[in-house]
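I wanted to see how the two chains sit against each other, then look at one helix pair. Here are my notes.

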Number of protein chains: 2
Amino acid sequence: MKAVVLLSGGLDSSVVLYQAKADGCQCYAISFDYQQRHRRELKSAIAIAQRAGVNDHQVVSFDLRQWGGSALTDDRIDLPRERSLEQMSQTIPITYVPARNTIFLSFGLAYAEAIGAQRVYLGVNALDYSGYPDCRPDYIQAMQEVFTLGTKQGREGQGIQIVTPLIQLKKTEIIELGNRLGVPWEETWSCYAGGDVACGVCDSCRLRLAAFAELGLRDPLHYEVV
Amino acid sequence: MKAVVLLSGGLDSSVVLYQAKADGCQCYAISFDYQQRHRRELKSAIAIAQRAGVNDHQVVSFDLRQWGGSALTDDRIDLPRERSLEQMSQTIPITYVPARNTIFLSFGLAYAEAIGAQRVYLGVNALDYSGYPDCRPDYIQAMQEVFTLGTKQGREGQGIQIVTPLIQLKKTEIIELGNRLGVPWEETWSCYAGGDVACGVCDSCRLRLAAFAELGLRDPLHYEVV
């Protein structure tokens, strides 16, 4: 079965790619250059896709800085730093990018229909302290309806399914799953800050580091501050 | 009230822009350069946006030729020519672009949330002989759910509404509405063929010409073949 896998180059989506492979899918990765602050992640996406041996890898480019509205697409907005996991969980953070997953899933859907894939894998996680509205199960269910009603493939026959293997896992469980699947953590990239070395203090670094620490494992990435 | 208006430069979306103005909205137009065969329509979108006096106009660029899958994004697929309206109504045509409206609405949603707009106007039409799955009311309803659940604005307060003023109108009724609103037809562009002069024989030209003819009106565009 053909599957499109949304691959940011981060920890979660890399695990999802390896899970899709383990599920027996021929994998078609898709990544997005949206002029994100941390475009460095695309280098990781390309490396991971190669390591995983995908059938194809599309990088789609567009510019979400045109209207900004997020710390990830507007350099004038400061990234949150050194927040505790509790602080992260309280509100929708300024790193929320308006409609990002909807845009990503839309391109994933287009790619899937063009190549005749039956699944689109996505590494969203509802327990991730992120508070992002477009990572929650009810949102995914709404997008599934769009996948079915908004395509020729969905109207005429077998539709395209959204698969979210991580949605109810804790970060520690995601890392354990990745270890079982052989995900090369050293190739992944989670930091939001936009440097060539992971900062260690943005929400994304902190969440990752906390999970590795909780498991008593070493994160092989090098960090500026740990 | 701020409104984002999806503006292709075609007849329908131009009427919708003028309708949004008539509804009292401050209009923010958004158009898409997706490497469509008929990129000529963008010139019309820019002209119409200026004539209508929008507050801003964003043109978002990405490349749907990366995977093709449509006569509008793959030059190796021939456009249907000289089809009757009955022939057009029978199947989903090869000019269907996988997930196009889902992609367009996703960007419209992102733009709307970034600028704090409460509406996204879209010129879809369910009676248009097009057969496109992503022009039907049940699809729009599914996208509305995504708009509500997939955004901070939808989760925390007043959501963003999709407005489709043309969805149940016939093409002749759309033209009559545009006449009342003063839409400058000579600036619009409907032809799919990709030339500098409208072909007159693609589905889009035929549908437009038939509607002007039925009303006993002259379409001010120049056509290669009528």
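I started with the interface: 37 residues of chain B are in contact with 37 residues of chain A (contact means C-beta atoms, placed from the backbone, within 7 Å). This is a predicted model, where local features need pLDDT of at least 70, side-chain atom pairs count only at pLDDT 80 or more, and totals for chains, interfaces and linings use all residues. Residues are numbered from 1 along each chain as its sequence is written, with chains lettered from A and ligands numbered from 1 in the order in which they are written.

Which elements of chain B supply at least two residues each to the side that touches chain A? I found β3 (56–61), α4 (100–115), α5 (137–149) and α6 (152–156) (DSSP runs numbered from the N terminus: helices are H or I, at least four residues, and strands E, at least two). The largest share, eleven residues, comes from α4(B).

Next I looked up the symmetry. A turn of 180 degrees and a shift of 0.0 Å along the axis lay chain B on chain A with an RMSD of 0.0 Å (least squares on C-alpha atoms of residues with pLDDT of at least 70 in both). That is therefore the relation of a two-fold axis. Phe62(B) has the C-alpha nearest the axis in chain B, 2.7 Å from it. I also noted that 100% of the interface residues of chain B are interface residues in chain A too, so the copies meet through the same surface.

Last, the helix pair: in α1(B), Leu11(B), Asp12(B), Val15(B), Tyr18(B), Gln19(B) and Ala22(B) meet Ile174(B), Leu177(B), Gly178(B) and Leu181(B) in α7(B).

Methods
Two residues are in contact if their C-beta atoms, placed from the backbone, lie within 7 Å.
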